[in-house]
Amino acid sequence: MGLGNPGARYEATRHNIGFQIGEELARRWDLPRAKQRFRGLIAQGRIRPGGPRVALLLPQTYVNESGTSAGPARGQLRAGLDEVVVLHDEIDLPFGEVRVKLGGGVAGHNGLKSLRDGLGSAEFWRVRAGVGRPDSTDPEIVAGYVLSRFRESADDVRRLIDDAADEAERLVERIAAQADALEAKR
């Protein structure tokens with residue numbers, strides 16, 4: 001699931017990097033055109049022929065309401081919380097750094113707070129794309145920063161998207177392998 005805000009006003013902003021990573025994954029996986037469901041755009045398919053099945057959701061709510069899209073989607077798809085992967089911006093990481101994490105706090109990220117509420121727990125996977133932090137902790141300055149367009153070069157932003165998509169693919173493969181191993185034990 002990629003986090004972002006709908007509409008042209010927010011395209012290519014730091015807060016929408018999750019959408020951009022999700023769109024890159026949909027392209028790589030050759031997923032069919034997304035359909036409107038669960039207050040979002042969802043595309044379903046396999047990451048490769050015979051590979052794991054995936055559902056890629058881009059909530060069309062604002063980031064801080066994304067749980068209202070994710071919760072119903074997870075319920076309908078019968079996805080375990082440990083199968084949910086969230087792609088999002090992370091101001092606590094330097095620009096260009098990507099980290100994967102299972103669960104944890106929400107560190108003031110309103111999208112993660114909403115997901116925690118909508119999913120019933122914060123114990124979901126995160127692919128955190130570092131967008132850097134402004135030199136202030138003032139909430140208005142921070143909000144303005146994440147809602148601004150990147151100042152970094154287009155090549156550097158593309159590299160961040162690609163690196164985060166690479167991490168997401170590895171994570172999906174790992175989650176699928178773990179599920180297969182559990183199924184084989186039954």
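In this predicted model, helix α3 is followed by G120, a residue whose phi is positive, near 90°. The helix itself spans residues 110-119, and its buried residues are G111, L112, S114, L115 and L119. Seen down the axis of α3, these buried residues fall within an arc of 160°, so they line one face of the helix. The elements that cover the buried residues of α3 include α2, formed by residues 67-77, together with the strands β4 and β6.

The two strands just named belong to an open sheet of 3 strands, which are arranged in the order β4-β6-β5 with mixed pairing. The edge positions are taken by β4, residues 85-90, and β5, residues 98-102, each of which pairs on one side only. From one strand to the next, the twist averages 25°. Strands of a sheet pair through backbone hydrogen bonds, and they may do so in either a parallel or an antiparallel manner. Both arrangements occur here: β4 and β6, the latter comprising residues 125-130, run parallel and are joined by 6 bridges, whereas β5 and β6 run antiparallel and are joined by 5 bridges. On the parallel side, V85 stands opposite W125 in β6, while on the antiparallel side K101 stands opposite R126 in β6.

Strand β6 is mostly covered, with 6 of its 6 residues buried. The cover extends to both faces of the strand, since W125, V127 and A129 on one side and R126, R128 and G130 on the other are all buried.

In soluble globular proteins, nonpolar side chains tend to be buried together. In the present model, the largest nonpolar core has 31 residues, and the members with the most contacts inside it are I17, I21 and V127. At least two residues of this core are supplied by each of α1 (17-28), β3 (53-59), β4, β6, α4 (139-146) and α5 (154-185). Among these elements, α5 gives the most to the core, with 9 residues. A second core, separate from the largest one, consists of 17 residues and includes L3, L57, A122 and F124. Within the largest core, I21 is one of the residues with the most contacts; when residues up to four places away in sequence are not counted, I21 touches L87, A129, I161, A164 and A165.

Charged side chains form a further set of contacts. Side chains of opposite charge can pair when their charged atoms come close. The count of salt bridges in the model comes to 15. In one of them, E24 pairs with R27, and the closest N and O atoms are 2.6 Å apart. Both residues of this pair lie in helix α1, where E24 and R27 are 3 residues apart, about one turn of the helix. The two partners are nevertheless set in contrasting surroundings: E24 has 7% relative accessibility and therefore counts as buried, while R27, at 55% relative accessibility, counts as exposed.

Another salt bridge connects D166 with R28, with the closest N and O atoms 2.7 Å apart. Because D166 lies in helix α5 and R28 in helix α1, the pair ties together parts that are 138 residues apart in sequence. Here D166 counts as partly exposed, at 27% relative accessibility, and R28 likewise counts as partly exposed, at 24% relative accessibility. The residues E24, R27, R28, R158, D162, D166 and E169 are linked in a network of salt bridges, and this network thus includes the members of both pairs described above.

A salt bridge is also found in the sheet, where E90 pairs with R128 and the closest N and O atoms are 3.2 Å apart. This pair links distant parts of the chain, with E90 in strand β4 and R128 in strand β6, 38 residues apart. With relative accessibility of 8%, E90 counts as buried, and R128, at 14% relative accessibility, counts as buried too.

Notes
Residues numbered from 1 in each chain as written. Predicted model: local features only at pLDDT ≥ 70, side-chain atom pairs only at ≥ 80, totals over all residues. Heavy atoms only, no water. Pairing = 2+ DSSP bridges. Helix = DSSP H or I, 4+ residues; strand = E, 2+ residues; numbered from the N terminus. Axes fitted to C-alpha atoms, helices over the stretch in contact; angles between N-to-C directions. Core = buried A, V, L, I, M, F, W, Y, C linked by side-chain atoms within 4.5 Å. Buried < 20%, exposed > 50% of the residue type's maximum accessible area, 1.4 Å probe, protein only. Contact = heavy atoms within 4.5 Å. Salt bridge = Lys/Arg side-chain N within 4 Å of Asp/Glu carboxyl O. Arc of directions from axis to C-beta.
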